[in-house]
Amino acid sequence: MTLLITVFAAVIATVKWYNRSDDTMKLGTLCFLYWGASLMWLVDAIFEYAELGAAYFSPELADMLNDTFLGLSVVALGLVIWLVVLLVKDPKGSVRSALQKQNH
């Protein structure tokens with residue numbers, strides 16, 4: 001489930017990045033985060049399949065639930081990292097102007 005969730009997030013982020021009109025929202029960073037996580041989960045799935053064999057395709061319900069929560073947590077962490085990058089880079093100058101208004 002972790003692989004599936006992160007691949008869906010990566011595909012959605014990539015489609016949004018591809019259809020962008022400009023790069024002010026730094027969607028490329030979000031794409032790299034999600035595709036990197038997807039690659040990590042793919043390698044994990046390959047090694048787990050090598051260890052478990054056919055049992056890999058019939059997980060317990062508790063394992064699926066844990067994997068779902070982990071996948072959603074990875075997607076949420078990716079969004080948090082992306083937001084921090086967006087706030088630090090401040091491509092539209094919104095944070096800078098808000099701080100300047102407070103100083104005056």
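## Starting at Leu-4

Leu-4 sits in helix 1; helices here are DSSP runs of H or I with at least four residues, numbered from the N terminus. Leu-4 counts as partly exposed because its relative accessibility is 45%; partly exposed lies between buried (under 20% relative accessible area) and exposed (over 50%), using a 1.4 Å probe and protein chains only.

A quick word on ground rules: this is a predicted model, where local features need pLDDT of at least 70, side-chain atom pairs count only at pLDDT 80 or more, and totals for chains, interfaces and linings use all residues. Residues are numbered from 1 along each chain as its sequence is written, and side-chain values use heavy atoms, with hydrogens and water left out.

## How confident is the model?

The chain has a mean pLDDT of 91, with 99% of its residues at 70 or more. (pLDDT is the predictor's confidence in each residue, from 0 to 100.) Among the chain's elements, helix 1 (residues 2–18) has the highest mean, 96, while helix 4 (residues 94–103) has the lowest, 79.

## A nonpolar patch

Leu-4 also joins Met-1, Phe-8, Ile-12 and Met-64 in a nonpolar surface patch of about 480 Å². Patch members have over 30% relative accessible area and no salt bridge; nonpolar side chains (Val, Leu, Ile, Met, Phe, Trp, Tyr) are joined within 5 Å, and like charges within 9 Å. A salt bridge would be a side-chain nitrogen of Lys or Arg within 4 Å of a carboxyl oxygen of Asp or Glu. Helix 1 supplies the largest share of this patch, 3 residues.

Leu-3 is in helix 1 too, and it's partly exposed because its relative accessible area is 25%. Its C-alpha atom is 12 Å from that of Ser-73, although the two residues are 70 apart along the chain.

## A negative patch

Now for some charge: Asp-44, Glu-48, Glu-51, Glu-60, Asp-63 and Asp-67 gather in a negative patch on the surface. Helix 2 (27–52) and helix 3 (61–89) are the elements that each give two or more residues to this patch, and helix 2 gives the largest share, 3 residues.

One patch member, Glu-48, lies in helix 2. Its relative accessibility is 33%, so Glu-48 counts as partly exposed.

## The loop before helix 2

Lys-26 is in the loop between helix 1 and helix 2. Its phi is near 55°, a positive value in a residue other than glycine. Lys-26 counts as partly exposed because its relative accessibility is 25%.

Methods: Accessible areas come from the Shrake-Rupley method with a 1.4 Å probe; for residues, only the protein chains shown count as cover. Lys and Arg count as positive and Asp and Glu as negative; His and the chain ends are not counted. The place of a charge is taken as NZ of Lys, CZ of Arg, CG of Asp or CD of Glu.
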